[in-house]
Amino acid sequence: MVKRPLLVIDGDSFAHRAYHALPKTIRRRGGKGAGAILGFANFLLRLYEDEQPRAVLVGWDTLDAPTYRNRAFKAYQGGREFDDELVDQLEVLPEFVAACGFASAKAAGYEADDFLAAAVASEERRKGTAVVASGDRDAFQLASKATTILQPLRAGEMARIGPAEVQERYGVDAKQVPDFIALRGDPSDNLPGAKGIGPKGAAKLLDQYGTLEAAFADERLAAQAEQLRVYRSIATMDASAPIPPLKDQTPSWAKASALARDWELNRLADRLAVLGGATL
């Protein structure tokens with residue numbers, strides 16, 4: 001019998017994508033914005049249908065609380081500003097996830113990334129398999145024989161990333177990804193990386209030494225060691241993040257339909273009602 005995987009989703013990543021992809025004219029009750037809700041909901045339902053998971057966990061950022069990453073590097077993700085309408089929808093999306101019968105994880109001091117890592121570590125400990133949906137390539141560090149990363153491409157397509165695909169794209173093993181990001185840098189997070197080293201140089205260095213620490217021990221990049229350790233810690237997902245118990249779940253589509261109906265998102269409500277066995 002094929003094991004059903006745990007499906008783990010970076011909620012903020014896909015809510016942001018939906019918000020910017022769909023018309024701002026999509027509204028819910030009270031004239032409030034609903035594009036991010038509708039787009040995320042449709043993505044969640046499609047993923048559930050495609051993957052047939054045993055359970056779903058959606059990880060969320062806490063936007064009004066700094067993490068150790070912000071404290072370690074003041075410029076981390078600096079300059080990011082979110083529309084009030086997006087923030088409003090991010091605040092209510094966990095309610096929709098719960099109405100579907102799925103789990104969410106959100107806690108001050110942690111990012112969505114950290115909950116993905118914690119969920120994967122938990123599932124691998126129980127000898128299960130996991131599918132991780134994230135638009136952030138930091139998630140490549142989670143790829144293993146038991147864990148596949150789903151990375152969004154254009155037009156709704158998803159690339160399936162395992163250890164071989166990480167090696168093919170970056171020239172490093174999945175476990176080397178935090179070291180690779182520290183060396184190469186990450187413009188989306190304002191991480192500058194090592195001076196004079198690009199992606200190819202980072203991969204070559206890690207092929208030679210295996211880890212940043214081994215390179216430092218050999219006096220390579222010693223002058224930048226302190227800063228590169230900070231970058232590596234920022235790029236490393238925290239698998240100790242608190243997550244709820246992830247027992248097998250049965251979707252509560254009818255409850256989710258009622259919530260969508262209350263929000264006056266009637267087409268979404270109809271879709272959920274049909275999933276719940278209703279005849280329209």
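This is a short walk through a predicted model, with something to select at each stop.

**Stop 1: helix 7**

Start by selecting residues 177-184, which make up helix 7. Of its 8 residues, 7 are buried, so the helix is largely enclosed by the rest of the structure. Colour the buried ones if you like: Val177, Pro178, Asp179, Phe180, Ile181, Ala182 and Leu183.

What do those buried residues pack against? Bring up helix 6 (163-170), helix 8 (199-209), helix 9 (212-217) and helix 10 (225-235), and you have the helices they meet. Before moving on, click on Gly185, which follows helix 7 and has a positive phi, near 90 degrees.

**Stop 2: the nonpolar cores**

Keep Leu183 on screen and add Leu142, Ile149 and Leu228. These four touch the most other members of the largest nonpolar core, which has 53 residues. Now centre on Leu228. Setting aside neighbours within four places in sequence, Leu228 is in contact with Ala182 and Leu183, both of which you met among the buried residues of helix 7. The other contacts of Leu228 on that count are Gly193, Ala194, Leu212, Phe216 and Leu221. Apart from this core lies another one, of 41 residues, and you can pick out Leu45, Phe96, Ala99 and Leu150 among them.

**Stop 3: strands 7 and 8**

Next, select residues 147-152 for strand 7, together with strand 8. The two strands run antiparallel and are joined by 4 bridges. For one pairing to look at, show Pro152 and its bridge partner in strand 8, Met158.

Then turn on the side chains of strand 8, residues 158-161. In a regular strand, side chains alternate between the two faces of the sheet. Which residues of strand 8 point to the buried face? Ala159 and Ile161 do, while Met158 and Arg160 point to the other face and are not buried.

**Stop 4: Leu86**

Jump to Leu86, in helix 4. Leu86 is buried, with a relative accessible area of just 1%. Show Ala15, His16, Tyr19 and Ala36 as well: Leu86 touches these, not counting residues up to four places away in sequence. For a sense of scale, draw a distance line from the C-alpha atom of Leu86 to that of Arg169; the two residues are 83 residues apart along the chain, and the atoms are separated by 32 Å.

**Stop 5: the empty spaces**

Rolling a probe the size of a water molecule over the atoms shows where empty space is left. How many cavities of 30 Å³ or more does the structure hold? There are 2, and the largest has a volume of about 40 Å³. To see its walls, select Tyr19, Leu22, Pro23, Lys24, Ile26, Arg27, Gly33, Ala34, Gly35, Ala36, Glu85 and Gln89. Helix 2 and helix 4 (84-99) each supply at least two residues of this lining. By class, the cavity lining has 6 nonpolar, 3 polar and 3 charged residues.

Finish at the second largest pocket, which holds about 320 Å³ of space. It is lined by 16 residues, with Arg17, Ala18, Ala21, Gly39 and Phe43 lying nearest the centre. Helix 1 (11-21) and helix 2 (35-51) each give at least two residues to this lining, and helix 2 gives the most, with 5. Colour the pocket lining by class and you should find 10 nonpolar, 3 polar and 3 charged residues.

Conventions:
Residues are numbered from 1 along each chain as its sequence is written. This is a predicted model: local features need pLDDT of at least 70, side-chain atom pairs count only at pLDDT 80 or more; totals for chains, interfaces and linings use all residues. Side-chain values use heavy atoms; hydrogens and water are left out. Buried means under 20% relative accessible area, exposed over 50%, partly exposed in between (1.4 Å probe, protein chains only). Contact means heavy atoms within 4.5 Å. A nonpolar core is a set of buried Ala, Val, Leu, Ile, Met, Phe, Trp, Tyr and Cys residues joined through side-chain atoms within 4.5 Å. On a 1 Å grid over the protein atoms alone, a cavity is a set of points where a 1.4 Å probe fits but cannot get out, and a pocket is an open set with protein on both sides within 12 Å along at least five of seven lines; lining residues have an atom within 4 Å of a point. Grid points are joined across faces, edges and corners, and a volume is the space filled by probe spheres set on the points. Ala, Val, Leu, Ile, Met, Phe, Trp, Tyr, Cys and Pro count as nonpolar, Asp, Glu, Lys and Arg as charged, and the others, Gly among them, as polar. Two strands pair if DSSP finds at least two bridges between them.
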